[in-house]
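Some words used for protein structures rest on a number and a cut-off. The questions that follow ask how such words are earned, one at a time.

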Amino acid sequence: MPIALLEAMYLGKVCIVSDVIGNRDVIKNKQNGFVCDELDSYKNVIEQIQNEKYNLEEIANNAREDILQKY
């Protein structure tokens, strides 16, 4: 388990993570964080966040709720 990721989610941080075992087991892409598999994916997510394409408050709340319910 990626403990630092779980802690960040508990604190309501929006996480952008690499697509590796552990991260992808915890993060549901675009629901409670973002999973990226290459540089362009990171770039696109960051640009979309800057352009307010996502409700970051909802994503952060979903992340925290997942931690409280599952871990």
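**Reasons behind the words**

In this predicted model, the chain has four helices and two strands, and their order along the sequence is α-β-α-β-α-α.

Q: What makes the chain as compact as a globular protein of its length?
A: Its radius of gyration is 11 Å, which is close to the 11 Å that the globule rule gives for 71 residues, so the chain is as compact as a globular protein of that length. Along the principal axes, the C-alpha trace spans about 30 × 25 × 15 Å.

Q: Why is K30 called partly exposed?
A: The relative accessible area of K30 is 47%, and partly exposed is the name for values between the buried limit, under 20%, and the exposed limit, over 50%; therefore K30 counts as partly exposed. This residue lies in the loop between helix 2 (23-26) and strand 2 (34-36).

Q: Why does E52 count as exposed?
A: E52 has a relative accessibility of 69%, and a residue is exposed when its value is over 50%, so E52 counts as exposed. Its place is in the loop between helix 3 (39-50) and helix 4.

Q: What makes the phi values of K30 and E52 worth a remark?
A: Most residues other than glycine have a negative phi. K30, however, has a positive phi near 70° and is not a glycine, and E52, also not a glycine, has a positive phi of about 60°.

Q: What makes a set of residues a nonpolar core, and which residues form the largest one?
A: The members must be buried residues of certain kinds, such as Ala, Val, Leu and Ile, joined through side-chain atoms within 4.5 Å. The largest such core has eleven residues, namely L5, L6, A8, M9, C15, V17, V26, I27, V35, A63 and I67. Two or more of these residues come from each of helix 1 (3-10) and helix 4 (56-70), and helix 1 gives the most, with four residues. A second, separate core has five residues, among them F34, C36, Y54 and I59.

Q: How do you know which residues V26 is in contact with?
A: Contact requires heavy atoms within 4.5 Å, and, leaving aside neighbours within four places in sequence, V26 is in contact with M1, P2, L5, L6, M9, N32 and Y71.

How values were computed. Residues are numbered from 1 along each chain as its sequence is written. This is a predicted model: local features need pLDDT of at least 70, side-chain atom pairs count only at pLDDT 80 or more; totals for chains, interfaces and linings use all residues. Side-chain values use heavy atoms; hydrogens and water are left out. The radius of gyration is taken over C-alpha atoms; the globule rule is 2.2 Å times the number of residues to the power 0.38. Buried means under 20% relative accessible area, exposed over 50%, partly exposed in between (1.4 Å probe, protein chains only).
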